[in-house]
Amino acid sequence: MTAPRLEIDLKKLHHNTQTLVRRLSAVGISVTGMSKATLGSPKIAVTLLSAGATAIGDSRVENIERLRNAGISAKAVLTRSPMLSQVARVSAIADVSLNTELDIIDGLSIASRKASRTHGVILMVELGDLREGIMPADLKDVVRRTLCFPNIALEGIGTNLACLSGVMPNADKMAELSSLADGIEAAFGLHLNVVSGGNSANVAWALGGGRRGRVNNLRLGEALLLGRDTLNRRPLVGLHTDSFTLVAEVIESGNKPTESRERAPQGAFQETPSTEGRGGVSRAILALGLQDVDIRGLAPPAGIEILGASGDHLVVARAASPLRIGEEVAFQLTYEALVGAMTSPFVAEVYRDADADRAIDPVAPLSSAA
Ligand SMILES: *Cc1c(COP(=O)(O)O)cnc(C)c1O
């Protein structure tokens, strides 16, 4: 089979999504399933939706277009502010977008009016992480002006924490978001459908037994895809962390001296690897490199150690018997490594059927990023 390839177990992904959707719906929180790490993979999106996600979220309009082209008509949320240069595209395919700028909402309004559509807006509030968001003191003014734009519907408010400055989504932050929602409703005599509390870093808070207040939605990527709590990278109870594996093939194998004959200043991209003083280590090269994936985000199987990598070669050591030419090695990935592998045109995607443990429809490399 083609290599390198990402093997994607849709059954495990379905289990993760259904498990979190059920736990969160018990506390009144819906799940927007984020597809951005998978470049808007239609098979991933269908799996998230069939497991109970109420909408698909993605930060890139291209990815939402890919979903639409695949015939997916579910509610789609653009989770990064549209660019002014893309408002017509966004209005044409996304139902809702997260917004912080009146000029952009104005652009969305004009584009939506031309297309006879209504575009939903969630206003993002800055609560300490210092990435996107309207300052709380300015929120009422932005709401007042948003309500005046034709063909724009104010869907709700939201916030995003733990992405840039590492500010934790805790009970205080979520209570602040709730009280901002209450304040807007009281001031303008309206109802906000959505109070979107954050991302995978919010799961521990949401399931922690405290008051959830007005928060009724989370936008989840990593927690569903990799089953991890992003605050500490620990597995979430009952979820799979290996829905995705990266498989690479051995192209050279044998014993090499434990020390280089010439002391090169450095490897191509990182510290010079060393097996000095270990004696008799069998080394192998896999056809995988930094152009395919962030090697630091790979976890090798037991007994295999990563020694280093350059653009196209990954050097590993195995203490036991040597790896054979053509043998495959499967790695687990961090979220960052997953994003890189998904984005590389050299890495194929192979989806495993939900029922049979059998690969379906391998997506050939170089056509996978359509
Ligand atoms: C990426 C992103 C998410 C999802 O983040 P995860 O940590 O993968 O759950 C949610 N909201 C916004 C605004 C994002 O950019």
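Biologist: Where should I look first: what is the space taken by the ligand?

Modeller: Start with the pockets. In this predicted model, the ligand takes up the space of the largest pocket.

Biologist: What volume does the largest pocket have?

Modeller: The volume of the largest pocket comes to about 890 Å³. Its lining counts 37 residues, and Met-34, Lys-36, Arg-131, Cys-163 and Tyr-335 are the closest to the centre.

Biologist: Which elements give two or more residues to that lining?

Modeller: Helix H3 (61-69), strand S9 (217-220) and helix H10 (335-343) do so. Of the elements, H10 gives the most, with four residues.

Biologist: And how does the lining of the largest pocket divide by class?

Modeller: You will find 14 nonpolar, 12 polar and 11 charged residues there.

Biologist: Now to the ligand itself. How many residues surround it?

Modeller: For this we take residues with a heavy atom within 4 Å of the molecule. Here 14 residues surround the ligand, and Lys-36, Ser-200, Arg-219, Gly-221 and Glu-222 are the closest. By class, this shell has four nonpolar, five polar and five charged residues. Keep an eye on Lys-36: this residue is among the closest to the ligand and also among the closest to the centre of the largest pocket.

Biologist: Which atoms should I look at for polar contacts with the ligand?

Modeller: Look for pairs of N or O atoms within 3.5 Å. Begin with Arg-219, where an N or O atom of the side chain is 2.8 Å from a nitrogen atom of the ligand. Then turn to the backbone: an N or O atom of Gly-221 lies 2.9 Å from a ligand oxygen atom, and a backbone N or O atom of Glu-222 likewise lies 2.9 Å from an oxygen atom of the ligand.

Biologist: How much of the ligand does the protein bury?

Modeller: Compare the ligand alone with the ligand in place. Taken alone, the ligand exposes 390 Å², and 92% of that is buried by the protein.

Biologist: Let us leave the pocket. How many cavities of 30 Å³ or more are found in the whole structure?

Modeller: A cavity differs from a pocket in that a probe fits but cannot get out. The search finds one cavity of 30 Å³ or more, and the largest cavity has a volume of about 40 Å³.

Biologist: Which residues line the largest cavity?

Modeller: The lining consists of Ser-59, Arg-60, Val-61, Glu-62, Leu-78, Arg-80, Ser-81, Pro-82, Met-83 and Gln-86. By class, these are four nonpolar, three polar and three charged residues.

How values were computed:
Residues are numbered from 1 along each chain as its sequence is written. This is a predicted model: local features need pLDDT of at least 70, side-chain atom pairs count only at pLDDT 80 or more; totals for chains, interfaces and linings use all residues. Side-chain values use heavy atoms; hydrogens and water are left out. A polar contact is a pair of N or O atoms within 3.5 Å; within protein, one must be able to donate a hydrogen and the other to accept it, and residues adjacent in sequence count only if both atoms are side-chain atoms. Accessible areas come from the Shrake-Rupley method with a 1.4 Å probe; for residues, only the protein chains shown count as cover. On a 1 Å grid over the protein atoms alone, a cavity is a set of points where a 1.4 Å probe fits but cannot get out, and a pocket is an open set with protein on both sides within 12 Å along at least five of seven lines; lining residues have an atom within 4 Å of a point. A molecule sits in a cavity or pocket if more than half of its atoms lie within 2 Å of its grid points. Ala, Val, Leu, Ile, Met, Phe, Trp, Tyr, Cys and Pro count as nonpolar, Asp, Glu, Lys and Arg as charged, and the others, Gly among them, as polar. Grid points are joined across faces, edges and corners, and a volume is the space filled by probe spheres set on the points.
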